[in-house]
Each structure stands twice: as C-alpha cells, then as structure tokens.
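New to this one? Here is a quick tour, from the inside to the surface. Have a look first.

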Amino acid sequence: MSSSSSSEEFQTIFDTDVACVQMAEQTYNAVCNNAAATSQRRTRRYISRNREEANQRLVQDYFEENATFQGYYFLRHFRMFKGLYERIVEDVTRECSFFQQRYDVRGTPSFTPLQKCTAVLRQLAYGIPPDALDESFRMSARIARDSLHFFCKTVIQFYGPKY
C-alpha cells in the first residue's frame, strides 16, 4: 500500500468526521434555537371547565339534605357508606394540602376536596382511567392523576399504622 493512498484515505475519513461534527453542531444549534423560540411563545391553553357547576351538581346529587341519590344509591355508587366517605374526605383534606381548595393565579378557585376525593374514589372503585373524568367531573386527566397519587400516599401515611 502506498503512502499517498493511505494519506488520501486518512483525509477522506478526516473530512467525513469533520462533516459529521459540523452537522451535529448545526443540528444542536437548530434544536436549541428552536426550543428557545418555542418556549418563549408557548403558553398553556386554559380550558374553562365550569368546575363550580360540576361541584354544585355533585353536592346536589349526593351531599345535600334532600340529595338526588341517597342511602342505597350512595352506597352503590361509592361502594361505602356516606359517613365513612365524609370522614375519609375530612381526614385526607386535613393531612394533605393538595386537597385543600386554593386559588390559582387568575383568581379561579381550584377543585374542592369533595371533587378531588370523589374523582379518586371513582377511579379506585370502577378502575376507570383519569381522562374519563373530564366530562362528568370537569377535571383534567392531570388533576385526576395527581389526586389519585396524593390520595393513596396520604391514606397510606394516615391510616397505615392504624390498620
């Protein structure tokens, strides 16, 4: 093998490596610039879900004095007695700040503890996915998933040593 052919081979490999590095740099810069531009103009889309209306309907259906669904229907829908359900909601709300109703930056109230716990218990009782709660509870899948996470964590911490 002659020295000129090996130097040509080396030059070809070197040129290819340099081209790959340059292409990688260009791609990296393009991605970084695009990400920076995207993050500057990207905002969360707010969907008004009428959570207050959903809460009123929930209270009217199950928790008012003359509720639509009482006794047997409550037991059938939630798979527990109403008194036990209310005690669990109170305990979880007291122990975990996630379940306490707060206001967001826009001044909109968050979901009530009753809404969050009801969504969690529906997920647990019926095995439904979090995104199935959007229509009935007006709750996004993320809030439903977070509620389930914090509920399970709180119940284990609070009731675990006792039971």
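What follows covers the core, one buried residue and a patch on the surface.

Keep in mind that this is a predicted model. Start with the inside: the largest nonpolar core has 25 residues. Phe63, Tyr85, Phe99, Cys117 and Phe151 are the ones with the most contacts inside this core. Two or more residues come from each of the elements α2 (51-63), α3 (72-78), α4 (82-95), α5 (113-126), α6 (133-137) and α7 (141-159). The top contributor is α5, which gives five residues.

Tyr85 makes a good place to zoom in. Skipping the neighbours within four places in sequence, Tyr85 is in contact with Phe63, Phe74, Phe78, Met80, Leu114, Cys117, Thr118 and Leu121.

Next up is Thr93, which sits in helix α4. Its side chain reaches the backbone oxygen of Val89 at 2.7 Å. Again leaving out neighbours within four places in sequence, Thr93 touches Phe99, Gln100 and Pro113.

Now for the outside. Phe81 is found in the loop between α3 and α4. Together with Leu75 and Leu84, Phe81 forms a nonpolar patch on the surface, and the three share about 280 Å² of accessible area.

So, is each of these two residues buried or exposed? The table puts them side by side.

| Residue | Relative accessible area | Status |
|---|---|---|
| Thr93 | 17% | buried |
| Phe81 | 59% | exposed |

Thr93 counts as buried because its 17% falls under the 20% cut-off. Phe81 counts as exposed because its 59% is over 50%.

Terms used: Residues are numbered from 1 along each chain as its sequence is written. This is a predicted model: local features need pLDDT of at least 70, side-chain atom pairs count only at pLDDT 80 or more; totals for chains, interfaces and linings use all residues. Side-chain values use heavy atoms; hydrogens and water are left out. A nonpolar core is a set of buried Ala, Val, Leu, Ile, Met, Phe, Trp, Tyr and Cys residues joined through side-chain atoms within 4.5 Å. Buried means under 20% relative accessible area, exposed over 50%, partly exposed in between (1.4 Å probe, protein chains only). Helices (H or I, at least four residues) and strands (E, at least two) are DSSP runs, numbered from the N terminus. Contact means heavy atoms within 4.5 Å. A polar contact is a pair of N or O atoms within 3.5 Å; within protein, one must be able to donate a hydrogen and the other to accept it, and residues adjacent in sequence count only if both atoms are side-chain atoms. Patches are made of residues with over 30% relative accessible area and no salt bridge: like charges are joined within 9 Å, nonpolar side chains (Val, Leu, Ile, Met, Phe, Trp, Tyr) within 5 Å. Accessible areas come from the Shrake-Rupley method with a 1.4 Å probe; for residues, only the protein chains shown count as cover. A salt bridge is a side-chain nitrogen of Lys or Arg within 4 Å of a carboxyl oxygen of Asp or Glu.
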